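Please open the model in your viewer and keep the sequence panel beside it, since each stop on this tour begins with a selection.

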Amino acid sequence: MTTSEAGTLPRAIGGPGSGPGQFRAPSGIAVDGRGQVWVADTGNHRVQAFTRAGALVRVLAGRLNAPEAVAVDAAGNVYVADTGNHRVAQYSWQGRFVREFGTFGRPSAVAVDAAGRLLVDDTGHRRVARFDTRTGAELPDTTERISSPRDVADDGAGGVWVAETGNHRIVHFGASA
């Protein structure tokens with residue numbers, strides 16, 4: 001490693017523990033439009049938000065059980081794959097619980113696509129589901145059965161990329177490029 005490379009190494013936020021700003025098995029991360037970093041702190045059953053400088057801003061806790069992933073939409077709403085409770089929970093940016101989406105076998109990843117739809121990798125039911133974030137309704141023609149989905153990302157054009165670990169591949173659903 002050169003000196004110039006060492007100067008660009010990232011700094012860490014937090015450390016082991018259960019206190020504010022500490023983590024026990026962090027697993028999901030998202031950055032919102034304000035540049036705040038949201039972390040699914042699985043082992044502590046919470047989500048924590050930090051400024052870019054690492055200052056703790058907010059903690060979502062109390063109703064979560066082993067959250068594994070987090071996503072934030074353009075309006076600042078926070079979506080949590082609340083894995084232990086078999087649901088996805090929505091919170092306002094201020095931390096107020098808004099609603100829950102669906103009943104899942106094991107929601108392991110969440111994302112919000114360019115159209116504002118919530119995408120959920122449900123590893124337990126081997127599918128990726130989409131929801132209307134305004135109404136909470138599951139969109140009927142967008143559930144895809146796949147083997148062991150692990151992560152999901154919007155492609156920016158109405159489709160979705162899925163890390164399908166069960167078949168050792170990445171799958172695209174939506175219009176062809």
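Begin by selecting Arg34 together with Trp93: Arg34 lies over the face of Trp93, at 4.1 Å from the ring centre. Keep Trp93 on screen and add Arg58, whose charged end also sits over the ring of Trp93, 4.3 Å from its centre. Bear in mind throughout that this is a predicted model.

**The open sheet**

Next, show the backbone and select the strands E1, E2, E3 and E4, which form an open sheet in that order, with antiparallel pairing. At its edges you will find strand E1 (26–31) and strand E4 (56–61), each of which pairs on one side only. If you look along the sheet, neighbouring strands are turned by 20° against each other on average, with direction ignored. As general background, the strands of a sheet pair through backbone hydrogen bonds, and they do this either parallel or antiparallel.

Now restrict the selection to strand E3 (residues 46–50) and E4, which run antiparallel and are joined by five bridges. To find your place along this pairing, label Gln48, which stands opposite Val59 in E4.

**Aromatic pairs**

The rings come next, and the count of aromatic pairs in this model comes to five. Select Phe23 and Phe50 to see one of them: the ring centres are 5.7 Å apart and the planes stand at 55°, so the pair is tilted. This pair links distant parts of the chain, because Phe23 belongs to the loop between helix H1 (3–6) and E1, whereas Phe50 belongs to strand E3, 27 residues apart. Are these two residues buried or exposed? Phe23 counts as buried at 11% relative accessibility, and Phe50 counts as buried at 2%.

Then move the selection to Phe104 and Phe131, whose ring centres are 5.8 Å apart and whose planes stand at 75°, so that this pair is edge-to-face. Phe104 lies in the loop between strand E8 (97–101) and strand E9 (107–112), while Phe131 lies in strand E11 (residues 127–132), so the pair ties together parts that are 27 residues apart in sequence. Both Phe104 and Phe131 are buried. Add Tyr79 and Phe101 to the selection, and you have a cluster in which ring pairs link Tyr79, Phe101, Phe104 and Phe131.

**The largest pocket**

For the next stop, turn on a surface and look for the largest pocket, which has a volume of about 260 Å³. It is lined by 17 residues, and those nearest its centre are Ile29, Ala69, Val70, Val110 and Asp151, so selecting these five is a convenient way to find the place. The elements that give two or more residues to this lining are E1, strand E5 (69–72), E9 and strand E13 (149–154). Which element gives the largest share of the lining? That share, five residues, comes from E9.

**Strand E9 and its hairpin**

Finish by selecting E9 alone, a strand that is mostly covered, with six of its six residues buried. Add strand E10 (residues 117–122), which runs antiparallel to E9 and is joined to it by five bridges. Within this pairing, Pro107 stands opposite Asp122 in E10. E9 and E10 form a hairpin with four residues between them, and in the turn you can pick out Gly116, which has a positive phi of about 85°.

Technical notes. Residues numbered from 1 in each chain as written. Predicted model: local features only at pLDDT ≥ 70, side-chain atom pairs only at ≥ 80, totals over all residues. Heavy atoms only, no water. Pairing = 2+ DSSP bridges. Axes fitted to C-alpha atoms, helices over the stretch in contact; angles between N-to-C directions. Phe/Tyr/Trp six-rings, centres within 6.5 Å; stacked < 30°, edge-to-face > 60°. Buried < 20%, exposed > 50% of the residue type's maximum accessible area, 1.4 Å probe, protein only. Lys NZ or Arg CZ within 6 Å of the ring centre and 35° of its normal. 1 Å grid on protein atoms, 1.4 Å probe; cavity = no way out; pocket = protein on both sides within 12 Å on 5 of 7 lines; lining within 4 Å. Points joined across faces, edges and corners; volume = space filled by probe spheres on them.
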